[in-house]
Amino acid sequence: MTSVPATPAGAPPLLAVESVDVTLGRGWRANQVLSGVDLGIWPGEIVGLVGETGSGKTTLARTVVGLVNPTRGRIVFEGQPISALRRGARRAERRRGHVQLVFQDPLQSLDPDLTVAEIVAEGLRIRGETDGEQIRRRVTAALAKVGLDATVLERTPGQISGGQRQRVSIARALAVEPRLLICDEPVSALDASSRNHILRLLRELRDSLGLPIVVISHDLSSLAGIADRVVVLYRGRIVEDGPVDRVFATPRHPYTALLMASAPTVRDDRPFSAHQLRHGNPGPVPQASPDACVFAARCPFAAGICAAQPSLTPVGERWSVSCHRHEEWGALAQSATDQEGPAHAR
Amino acid sequence: MAIDNRKPPPDLLASRSGTGRQATGDDDVLRLDDLHVSVHGGAATAVRGVSLRIRPGEIVGLVGESGSGKTLTCRAALGVLPDGCAVERGTVSFAGLDVTSLSRRGWERLHGSHMGAVFQDPASYLNPVLTVGGQLAEVLRVKLRMTRREARRRALELFEAVGLRQPERVYDQIPAELSGGMLQRVMIAIAISCDPQLLVADEPTTALDVTIQAEVLELLRQLRDERGLAILFVSHDLAVITALCDRIVVFYAGEVVEAGPTGEIAQRPRHPYTQALLRVASVGDFRRRGLEVIAGQPPRVGADITGCRFAPRCPLAVPECAAGPIRSVLAGDQHEVRCVHAARAVTAS
């Protein structure tokens with residue numbers, strides 16, 4: 001199995017997201033999507049970024065590749081603050097393609113009129129390569145890396161299967177030899193077997209190329225097989241960030257535990273059940289106050305102290321959590337089992 | 001809950017629907033016998049000889065890869081096959097009545113009042129410019145001849161029954177104002193509004209977040225418990241199916257390869273395909289493990305294959321697998337398997 005790559009203490013991260021806020025829209029439509037996000041990605045690691053719809057996962061990915069500007073904070077890639085680049089310098093950085101994003105739905109993000117060969121070559125042409133022979137060679141090499149042979153070269157996205165389409169999007173990103181790969185929901189549209197194929201492929205790419213990969217997913221369990229580290233987002237804030245084995249063994253944030261308890265499994269071996277972690281009333285819960293902990297309204301363990309947003313505090317080696325009651329809620333959840341019983345959604 | 005939970009006795013159906021057919025007396029809500037469904041105007045057969053039965057209050061799960069015929073099977077059960085598809089052979093019986101060749105009007109009488117359905121994408125089944133409450137009330141007024149006032153009151157009760165908070169507020173909202181989980185609850189409310197005996201749910205949670213998915217699954221289980229609703233649940237995710245269903249039917253390339261009680265299938269799967277599905281699905285637990293895959297691709301829809309359709313991908317394939325049609329054998333209590341190895345084991349014992 002893979003292991004967490006040894007990161008020398010104090011080594012600078014390849015990518016650093018530093019106290020980033022992102023607001024989308026203006027005026028009355030303005031919506032703060034990310035708040036104070038701090039995140040580092042080190043070489044050779046696979047980081048799983050998890051959260052539900054609207055938690056800001058995709059916006060964070062788009063901010064990192066420069067498609068969205070942070071309203072506060074900065075993005076530093078290999079020591080260079082890329083979010084501060086403007087106009088020509090920003091475009092030049094984007095053209096180099098050091099950070100590649102694999103978009104969510106390949107059927108929508110791949111041009112249906114282009115052939116696979118043209119799609120994969122696009123990044124190389126944008127970077128300014130003109131040598132047709134060399135482009136062809138790189139395209140074939142990139143497709144080989146994702147396990148596709150030359151037979152797909154002349155097909156269009158509509159003529160290949162869902163799993164193959166996802167491989168083509170990954171090949172497109174790999175063709176420009178990125179330093180960091182970000183995959184937005186790479187497996188959510190696939191069935192179990194194809195999903196494992198793609199996850200395996202990502203792991204092999206990390207092992208053979210040493211490529212750090214960020215995998216965005218709404219499904220925590222699909223990350224168990226590949227991620228070294230897991231970062232949990234809730235309403236635009238990181239609530240937990242730690243080594244995947246330890247987080248999954250003893251989640252320290254009630255939201256992480258709720259995500260785990262909600263995933264259907266064939267075999268049940270989880271520390272908590274969803275009933276213990278769910279607020280009595282399901283559905284959208286009004287936000288108590290803008291300063292309160294983002295999760296407080298949904299949290300069955302919220303107390304007076306939760307009226308203030310907790311900061312991300314270390315609870316172990318490379319493991320931090322943003323919860324005032326991270327030491328107490330586990331016991332509370334256990335004791336809540338008997339009195340509540342199955343709280344039916346109502 | 002304020003809603004009337006009493007079920008009409010099964011024999012009431014004939015008089016209620018006015019079809020005038022003879023009830024055969026068994027208590028299955030839905031029964032498929034040797035169902036064959038052709039696609040592309042009869043050019044290929046996508047569902048080949050599917051038989052299954054659902055009793056009142058039972059949740060039966062159909063699982064399989066995309067293209068395995070599970071969706072066509074449940075569409076045939078609902079009488080809403082897409083254009084170009086037709087029941088080629090076999091029968092569909094609903095509450096003891098043969099409804100295979102029912103007219104369009106006949107099906108319309110069954111829809112809503114006897115069978116309800118929810119699908120993967122609730123937003124595309126609702127009118128985007130009408131309030132969701134109005135759309136539910138319309139169903140009640142048409143199907144149950146309620147007055148506006150009665151329909152509104154009943155709609156609010158139903159919204160509450162499916163776990164929508166503030167039903168009064170939701171009533172006047174349009175689909176775009178509701179989240180995916182809330183829309184799916186609205187769809188479930190519409191599906192159960194006329195107190196059907198059967199709910200067909202085709203991938204109803206695939207597009208939802210895991211936390212919301214867990215809540216919707218719980219709601220379905222609760223509706224079964226409180227109303228004795230029979231549910232035909234379709235998903236490609238064996239983990240979801242195992243968590244919810246009483247019985248599991250495994251589809252592969254248009255055939256049922258294994259069927260049985262959930263415990264049997266999950267603990268003692270006999271068909272190599274089910275075993276493979278369980279291995280790939282067990283990523284659902286949180287231990288670090290190898291990511292297993294099923295080698296190869298399923299056959300083309302309608303491909304003509306003698307013998308076992310899974311054999312080309314099967315690690316246990318023997319020459320016998322391709323020799324002739326594989327019979328389905330009973331490998332345990334209500335546990336059917338279509339595999340030569342299981343057949344051999346049964347004959348030996």
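Helices and strands here are runs assigned by DSSP, with at least four residues for a helix and at least two for a strand, counted off from the N terminus. On that basis, chain A of this predicted model comes out with 11 helices and 12 strands. Of its 346 residues, 47% are buried. Chain A also has plenty to say about contacts across the sequence: looking just at pairs at least 6 residues apart, 64% of the contacts link residues at least 24 apart. The domain assignment splits chain A into domain 1, covering 15-234, and domain 2, covering 266-338. Going by C-alpha atoms, the centres of domain 1 and domain 2 of chain A are 31 Å apart.

Chain B is also assigned two domains, and here domain 1 is made of two pieces of sequence, 26-114 and 197-298, while domain 2 takes in 124-195. The C-alpha centres of domain 1 and domain 2 of chain B are separated by 26 Å. How many residues of each domain take part where they touch? In chain B, 12 residues of domain 1 make contact with 11 residues of domain 2. On the domain 1 side of chain B, the biggest share comes from helix 8 (residues 210-227), which supplies five residues. That side of domain 1 of chain B is made up of nine nonpolar residues, two polar ones and one charged one.

Next comes a pair of helices in chain B. Helix 7 (residues 180-192) packs against helix 8 of chain B with 10 Å between the axes and an angle of about 15°. Angles under 35 degrees count as roughly parallel, so helix 7 and helix 8 of chain B are described as roughly parallel to each other. Their crossing in chain B is right-handed. Which residues actually meet between helix 7 and helix 8 of chain B? From helix 7 of chain B come B:Gly181, B:Gln184, B:Ile188 and B:Ile192, and they meet B:Ile212, B:Glu215, B:Val216, B:Leu219 and B:Leu223 of helix 8 of chain B. Sorted by type, the residues in this contact between helix 7 and helix 8 of chain B are six nonpolar, two polar and one charged.

Two loop residues of chain B are worth a look for their backbone angles. Most residues other than glycine have a negative phi. B:Asp195, though, has a positive phi, near 55°, without being a glycine. B:Asp195 sits in the loop that runs between helix 7 and strand 7 (198-202) of chain B. With 18 other C-beta atoms within 10 Å, B:Asp195 is partly exposed, because that label covers counts between the exposed limit of 12 or fewer and the buried limit of 20 or more. B:Glu203 has a positive phi too, near 45°, and is likewise not a glycine. Its place is the loop between strand 7 and helix 8 of chain B. B:Glu203 has 18 C-beta neighbours inside 10 Å, so B:Glu203 counts as partly exposed.

A third loop residue of chain B is B:Pro82, which lies between helix 2 (70-78) and strand 4 (86-94) of chain B. Is B:Pro82 buried or exposed? B:Pro82 has 9 C-beta neighbours inside 10 Å, so B:Pro82 counts as exposed. Along the chain, B:Pro82 and B:Val337 are 255 residues apart, and their C-alpha atoms are 30 Å from each other.

How values were computed
Residues are numbered from 1 along each chain as its sequence is written. Chains are lettered from A and ligands numbered from 1 in the order in which they are written. This is a predicted model: local features need pLDDT of at least 70, side-chain atom pairs count only at pLDDT 80 or more; totals for chains, interfaces and linings use all residues. Two residues are in contact if their C-beta atoms, placed from the backbone, lie within 7 Å. Domain bounds come from an automatic or database domain assignment. Ala, Val, Leu, Ile, Met, Phe, Trp, Tyr, Cys and Pro count as nonpolar, Asp, Glu, Lys and Arg as charged, and the others, Gly among them, as polar. Axes are lines fitted to C-alpha atoms, for helices over the stretch in contact, and angles run from 0 to 180 degrees between N-to-C directions. Angles under 35 degrees count as roughly parallel, over 145 as roughly antiparallel, 65 to 115 as roughly perpendicular and the rest as oblique. A crossing is left-handed if the near helix is turned anticlockwise from the far one by less than a right angle, and right-handed if clockwise.
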